Amino acid sequence: MKVVVCIKQVPDTKGGVKFKPDGTLDRAAMLTIMNPDDKAGLEAALRLKDQYGAEVTVVTMGLPKAEEVLREAMAMGADNGVLVTDRVLGGADTWATSQTIAGAIRNLEYDLIITGRQAIDGDTAQVGPQISEHLGIPVISYAQDIKIDGDSVIVQRQFDDRYHILKAKMPCLITALSELNQPRYMTPGGIFDAYQKEITVWGRNDLKDVLDSNLGLKGSPTQIAKASDKVRKGAGEKVVLDPAESVDYIVGKLTEKHVL
């Protein structure tokens, strides 16, 4: 079994975020981490490796410094790392990003592709499903449990206060929730081995079946109207009531919002 995991190096928002004049994130100027949902997807792939001997390849698109997140993934147990980086890919929205990653994955053999549900720097949950559409394979999103049954995958898909059980033949793509599992830590031996391995680096010319018009900032139909590192909340509604009236007021508000 061959599993491809798409991971992303995202800003560590605890250290603050910075923007370029065009409204896009200045990723080179920020501290970074592996996207949490992606790390859960990586752990799911590593468990398939432990159980079935799967070969795990991690793919990321980003600046050259994104090699760090690939090294982290390999220190956790991934077998191979692929970095897709090129100046013409900068400023991509979800459409251009998914086109780029799909173009890279077409160079690889795979039975299963795992992505995170969404990235904490965008929160769109669009890239994974878009990749599956570009590749023409089924997608199961919001996975909270994954099992393999022969040439098929069985997934518990989170849905409100319950879940769906879906089965799809491979190859297919799954988007993982951070609640899917508890990712393992890197080991000293794994860190040493990770830095002995070679990272595969691909640029624009290595992408298969992708038009220039669908890449980078110029190929991104999404336009940023305004960017801010802090969202200010309104003061809200303030009331002064006695205890009995307070209970009725709270219950009324919860009923109004369909919580009760």
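This is a short tour of a predicted model, one selection at a time.

**Whole chain**

Start with the full protein chain in view. Its C-alpha atoms fill a box of roughly 70 × 50 × 40 Å along the principal axes. Colour by secondary structure, and 6 helices and 11 strands should appear. The chain has 260 residues, of which 40% count as buried.

**The α3 and α4 pair**

Select residues 94–105, helix α3, together with residues 127–135, helix α4. How far apart are the axes of α3 and α4, and at what angle do the two helices pack? The axes are 8 Å apart, and the angle is about 50°, which makes α3 oblique to α4. Their crossing is right-handed.

**Salt bridges**

The structure holds 15 salt bridges. Three of them are visited here.

Select R184 and E43, whose closest N and O atoms are 2.8 Å apart in a salt bridge. This pair links distant parts of the chain, with the two positions 141 residues apart in sequence: R184 sits in the loop between β10 and α5 (188–194), and E43 in helix α1 (residues 36–52). Is E43 buried or exposed? E43 counts as buried because its relative accessibility is 3%, under the 20% cut-off. R184, at 27%, counts as partly exposed. Now add R47 and D50 to the selection: E43, R47, D50 and R184 are linked in a network of salt bridges.

Move to K167 and D149, whose side chains meet in a salt bridge at 3.1 Å, N to O. K167 belongs to strand β9 and D149 to strand β7 (residues 139–149), so the pair ties together parts that are 18 residues apart in sequence. K167 counts as exposed at 53% relative accessibility, while D149 counts as partly exposed at 36%.

Next, select D212 and R204, which form a salt bridge with the closest N and O atoms 2.6 Å apart. D212 is exposed, with a relative accessible area of 57%; R204, at 16%, counts as buried.

**Backbone exceptions**

Most residues other than glycine have a negative phi, and most peptide bonds are trans. The next stops depart from those patterns.

Select M170 and P171: the peptide bond from M170 to P171 is cis, with omega near 5°. P171 lies in the loop between β9 (162–169) and β10 (172–176).

Then select A125, in the loop between β6 (112–116) and α4. The phi of A125 is positive, near 60°. D209 is not a glycine either, and it has a positive phi of about 55°. Look for D209 in the loop between β11 (200–202) and α6, where it is exposed with a relative accessible area of 68%.

**A long reach**

Select D161, in the loop between β8 (152–159) and β9. D161 is exposed, with a relative accessible area of 66%. Add G62 and draw a distance line: the C-alpha atoms of D161 and G62 are 36 Å apart in space, and the two residues are 99 apart in sequence.

**Nonpolar surface patch**

Finish with V247, I250, V251, L254, V259 and L260 shown as a surface. Together these residues form a nonpolar patch with about 540 Å² of accessible area. One of them, V251, is found in helix α6 (residues 243–256). V251 is partly exposed, with a relative accessible area of 39%.

Definitions and conventions: Residues are numbered from 1 along each chain as its sequence is written. This is a predicted model: local features need pLDDT of at least 70, side-chain atom pairs count only at pLDDT 80 or more; totals for chains, interfaces and linings use all residues. Side-chain values use heavy atoms; hydrogens and water are left out. Patches are made of residues with over 30% relative accessible area and no salt bridge: like charges are joined within 9 Å, nonpolar side chains (Val, Leu, Ile, Met, Phe, Trp, Tyr) within 5 Å. Accessible areas come from the Shrake-Rupley method with a 1.4 Å probe; for residues, only the protein chains shown count as cover. A salt bridge is a side-chain nitrogen of Lys or Arg within 4 Å of a carboxyl oxygen of Asp or Glu. Helices (H or I, at least four residues) and strands (E, at least two) are DSSP runs, numbered from the N terminus. Buried means under 20% relative accessible area, exposed over 50%, partly exposed in between (1.4 Å probe, protein chains only). Axes are lines fitted to C-alpha atoms, for helices over the stretch in contact, and angles run from 0 to 180 degrees between N-to-C directions. Angles under 35 degrees count as roughly parallel, over 145 as roughly antiparallel, 65 to 115 as roughly perpendicular and the rest as oblique. A crossing is left-handed if the near helix is turned anticlockwise from the far one by less than a right angle, and right-handed if clockwise.
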